[in-house]
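Work through the exercises below with the sequence and the coordinates open. Each task is followed by a solution in steps.

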Amino acid sequence: MAHRENFSGRLSVIVTMAGSAIGLGNIWRFPYLAGEQGGATFVFAYILATVFVTLPIFLAEIIIGRRSRSNARDAMGVLSNGKRFWKNAGFLAVLIPIVINSYYSVIGGWSLDYMVKSMSPGFFRASPEEVGNVFSAFISSSWEPVAAHLVFLGISVMVVARGVKTGIEKFSKIILPVLFLLVIAIAVYSLSLPGAMAGVSYMFKPDFSKLSPETFAYALGQSFYSMSVGMGAIVTYGSYVRKDENIMASSALTGMSDLLFAMLAGLAIMPAVFAAGMEPGSGPGLIFKSVPYIFAQMGSGMPLLSAGVSTIFFLAVVVAAMTSCVSLVEVGVAWLMERFGMKRSSACKWIFAVCGTLGVLCSLSFGPLGGFRIAGRTLFDFLDWASSNILLLLMGFLVVVFVGHVMKKSDVRDEITNSGTLKVNSRLFPVFCFLLRWICPAAVLVIFLFNFLG
Ligand code: PHE
């Protein structure tokens, strides 16, 4: 087998995993879904889902990766001594990231485009309508978003081509703290706008009478998406984690930063949306409509200030999206290299070709291809919905069943406790086992069926 790289230590593991987890899912998808799904009730369901369902599965994926030391496609096959079913199941783990990556990099492209546009002070409009119109005109045009998507994907693939240590790790370490600080700063500003408090109550004051199965369905899908669970990314990164690493602690820290980040992004966006009198449920365009408005307010009379801060903000979004995109690309690349003995660079070219093409179609589905519908949805909406509400859950279900019921319990314990050396983890092991064997599969199955049956 080819020599596998390893992460260089505890901090690298957390930063890289958090780099995969924190991305457009937190900044773009979480606020707009919360807006569509009723605010605080959704946020409540999302936190529950993350702590009790997604986090144990996240840990289960690291276990599969680290124990098999294999790419996501083959990992379960390796651990089950080549059982046909589990070998085949791994195929999903390669397919899903390719699908997600295709439309993910379209949004990455939008962010890139907004970063460049922010540099010109004329881009900022004080009226929410105008900001909305600029956005709609942009995404429905043919060339600009397509080109931005290809550039975004191209850069991400180039990072992956440089390898795990040199490319991915370095990249994540530098940019994550910058992003954190920026989102905090924007949240503080957004909270100071007149009328902002309505947005805070909308995000954090749940009305439990509105809690429906649908809320949970979207919340779990979002939580999987945001933690990069159910698509081979964490299995792949898990395979680079050293044997002496405390994977339970790393998972908990990653989960916490991901949740925290989503909440901060919500606090940055929602108060401003309410202050501007915008519609919180206006869909995937929410941050692209609200953020330029926030900056226009911030810099009224000082156009250079809005241009500067907005450029840095979208730069940070682009990079956060890239660290996630990179982990999606890495899944396919790791598989192509080990399965077909390809060089890293050729594997990268293949992934670029496939995701690039599919992404172009997704991008065009906001404009010229808008009439093409699958189950009533445009290609973009369909891929986003089908991947996070169907495919991720399916893969997540297979992962919990595998680690909870197929792998030997003693092997799982070995991984969690590093062969008995981690005392706290030994004590927590029964809790983990219970969640993983019973709670997670039941929750995922119920919600999967709910989504699948319509
Ligand atoms: N978790 C990432 C985000 O929140 C998206 C992602 C999914 C990244 C799957 C990698 C793998 O944006």
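**Exercise 1.** Locate Ser419 in this predicted model, decide whether Ser419 is buried or exposed, and state the sign of its phi angle.

Solution.
- Step 1. Ser419 sits in the loop that links helix 17 (409-417) to helix 18 (423-452).
- Step 2. The relative accessible area of Ser419 is 56%. Exposed requires over 50%, so Ser419 is exposed.
- Step 3. The phi of Ser419 is positive, about 55°, although the residue is not a glycine.

**Exercise 2.** Carry out the analysis for Ala375: which loop holds the residue, is it buried or exposed, and what is its phi?

Solution.
- Step 1. Strand 1 (373-374) and strand 2 (377-378) flank the loop that contains Ala375.
- Step 2. With a relative accessible area of 66%, Ala375 is exposed.
- Step 3. Ala375 is not a glycine, yet its phi is positive at about 50°.

**Exercise 3.** Find the backbone oxygen that lies 2.6 Å from a polar side-chain atom of Ser239, and describe the setting of Ser239.

Solution.
- Step 1. Ser239 belongs to the loop between helix 11 (233-238) and helix 12 (247-275).
- Step 2. Its relative accessibility is 0%. The limit for buried is under 20%, so Ser239 counts as buried.
- Step 3. The partner is Thr236, whose backbone oxygen is 2.6 Å from a polar atom of the Ser239 side chain.

**Exercise 4.** Describe the surroundings of two residues of helix 5, Tyr103 and Gly108.

Solution.
- Step 1. Helix 5 covers residues 84-118 and includes Tyr103; Gly108 is in helix 5 too.
- Step 2. Tyr103 has 0% relative accessibility and therefore counts as buried. Gly108 is buried, with a relative accessible area of 0%.
- Step 3. Setting aside residues up to four places away in sequence, Tyr103 touches Trp28, Tyr225, Cys362, Phe380, Leu383, Asp384 and Ser387.
- Step 4. With neighbours within four places in sequence left out, Gly108 contacts Leu24, Phe152 and Val318.
- Step 5. Set sequence separation beside C-alpha distance. Tyr103 and Leu48 are 55 residues apart in sequence and 27 Å apart in space. For Gly108 and Ser327 the values are 219 residues and 14 Å.

**Exercise 5.** Which residues does Ser223 contact, leaving aside neighbours within four places in sequence?

Solution.
- Step 1. Ser223 is part of helix 10 (residues 213-226).
- Step 2. At 1% relative accessibility, Ser223 counts as buried.
- Step 3. The contacts of Ser223 are Tyr46, Ala49, Thr50 and Thr54.

**Exercise 6.** Characterise the whole chain: its secondary structure, compactness, burial, contacts, surface and charges.

Solution.
- Step 1. The protein contains 18 helices and two strands.
- Step 2. Its radius of gyration is 21 Å, close to the 22 Å from the globule rule for 454 residues, so the protein is as compact as a globular protein of that length. The C-alpha trace spans about 65 × 50 × 45 Å along the principal axes.
- Step 3. Of the 454 residues, 59% are buried.
- Step 4. Take the contacts between residues at least 6 apart in sequence: 83% of them join residues at least 24 apart.
- Step 5. The exposed area is about 17000 Å², with 69% supplied by carbon and sulfur atoms.
- Step 6. There are 33 positive and 22 negative side chains, and the centres of the two sets are 10 Å apart.

Terms used: Residues are numbered from 1 along each chain as its sequence is written. This is a predicted model: local features need pLDDT of at least 70, side-chain atom pairs count only at pLDDT 80 or more; totals for chains, interfaces and linings use all residues. Side-chain values use heavy atoms; hydrogens and water are left out. Helices (H or I, at least four residues) and strands (E, at least two) are DSSP runs, numbered from the N terminus. The radius of gyration is taken over C-alpha atoms; the globule rule is 2.2 Å times the number of residues to the power 0.38. Buried means under 20% relative accessible area, exposed over 50%, partly exposed in between (1.4 Å probe, protein chains only). Contact means heavy atoms within 4.5 Å. Accessible areas come from the Shrake-Rupley method with a 1.4 Å probe; for residues, only the protein chains shown count as cover. Lys and Arg count as positive and Asp and Glu as negative; His and the chain ends are not counted. The place of a charge is taken as NZ of Lys, CZ of Arg, CG of Asp or CD of Glu. A polar contact is a pair of N or O atoms within 3.5 Å; within protein, one must be able to donate a hydrogen and the other to accept it, and residues adjacent in sequence count only if both atoms are side-chain atoms.
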